[in-house]
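User: I would like to learn how to read covalent and charged side-chain contacts from a set of coordinates. Could you take me through them step by step?

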Amino acid sequence: MTVAALWMRHGTCHDGFSRPGAHARAGSPLTVTGTVEAELAAWELREHGWQPALITSSPLRRARQTAVVAADALGASLAGPIDAFAEWQAPYCVLGRAPGQYPPDYLTWREQRERDTDSALPGGESLRAFAERAAEATTVANDLATEHGPVLIVSHRLLIGAVSALRQGYRHPAEIFRYAKGFHLGPTHLWPAPPREPQ
């Protein structure tokens, strides 16, 4: 079995370590733990006999740094970041904040966003825009794999969850976002799970 595109969540970043549950800021760097996680994930891929022809990532710092570590460990070509692979753009008012610090405007919007999937707060992305971008990310991933061979994409939990939702057949933006929110994928974990090469 050949997997054309594997998705990897980035390693633990500073915001993820110091502010559990917060929406990480774009510039939040990998921690030492995140670097080790990326190295171990690369080792796991070697153990499975899966070698990417190309590694690319989200443009967010934590994903770019994870991709560099993985590319070095695997001896794979590293392409530039791709905007479609970025995380859902949370509004400015919640970046770096734990849930208990969310402002009232955000809490109000969060209650109604599934009914109005085109709505968004300043700096944020609507559920419809996010669903459309997840569909774009799927197409870009497939195109990269067709052109280059197996590709490893370093991205984020919500975006990978949305891609998975589309694969499961979800199409409504609210359903896609709800599925993505419940999608479990730890730092540097892979989706789908890479197949083992026959012994």
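**Cysteines and salt bridges**

Analyst: Searching the whole structure yields 0 disulfides, where a disulfide is a pair of cysteine sulfur atoms within 2.5 Å. This is a predicted model, in which local features need pLDDT of at least 70 and side-chain atom pairs count only at pLDDT 80 or more, while totals for chains, interfaces and linings use all residues. Residues are numbered from 1 along each chain as its sequence is written, and side-chain values use heavy atoms, with hydrogens and water left out.

User: Why is Cys13 not in a bond with the closest cysteine sulfur?

Analyst: The closest cysteine sulfur to that of Cys13 belongs to Cys93 and lies 19 Å away, which is too far for a bond. Cys93 is accordingly in no disulfide.

User: Are Cys13 and Cys93 buried or partly exposed?

Analyst: The terms rest on relative accessible area, with buried meaning under 20%, exposed over 50% and partly exposed in between (1.4 Å probe, protein chains only). Cys13 is buried at 2% relative accessibility, whereas Cys93, with a relative accessible area of 27%, is partly exposed.

User: How many salt bridges are there?

Analyst: The general idea is that side chains of opposite charge can pair when their charged atoms come close. With a salt bridge taken as a side-chain nitrogen of Lys or Arg within 4 Å of a carboxyl oxygen of Asp or Glu, the count comes to 4 salt bridges. One of them joins the side chains of Asp15 and Arg25, at 2.7 Å from N to O. Asp15 sits in helix α1 (residues 14-18) and Arg25 in the loop between α1 and α2 (32-47), 10 residues apart; helices here are DSSP runs (H or I, at least four residues), numbered from the N terminus. Asp15 is buried, with a relative accessible area of 2%, while Arg25 is partly exposed at 36%.

User: Which parts does the salt bridge between Arg178 and Glu114 tie together?

Analyst: The side chains of Arg178 and Glu114 meet at 2.8 Å, N to O. Arg178 lies in helix α7 (residues 173-181) and Glu114 in the loop between α4 (104-112) and α5 (127-148), so the pair ties together parts that are 64 residues apart in sequence. Arg178 is partly exposed, with a relative accessible area of 46%, and Glu114 is also partly exposed, at 33%.

User: Where do Asp118 and Arg128 lie?

Analyst: Asp118 forms a salt bridge with Arg128, their closest N and O atoms being 2.9 Å apart. Asp118 is in the loop between α4 and α5, and Arg128 is in helix α5, so parts 10 residues apart in sequence are tied together. Asp118 counts as exposed at 53% relative accessibility, whereas Arg128 is partly exposed, with a relative accessible area of 33%.

Conventions
Helix = DSSP H or I, 4+ residues; strand = E, 2+ residues; numbered from the N terminus.
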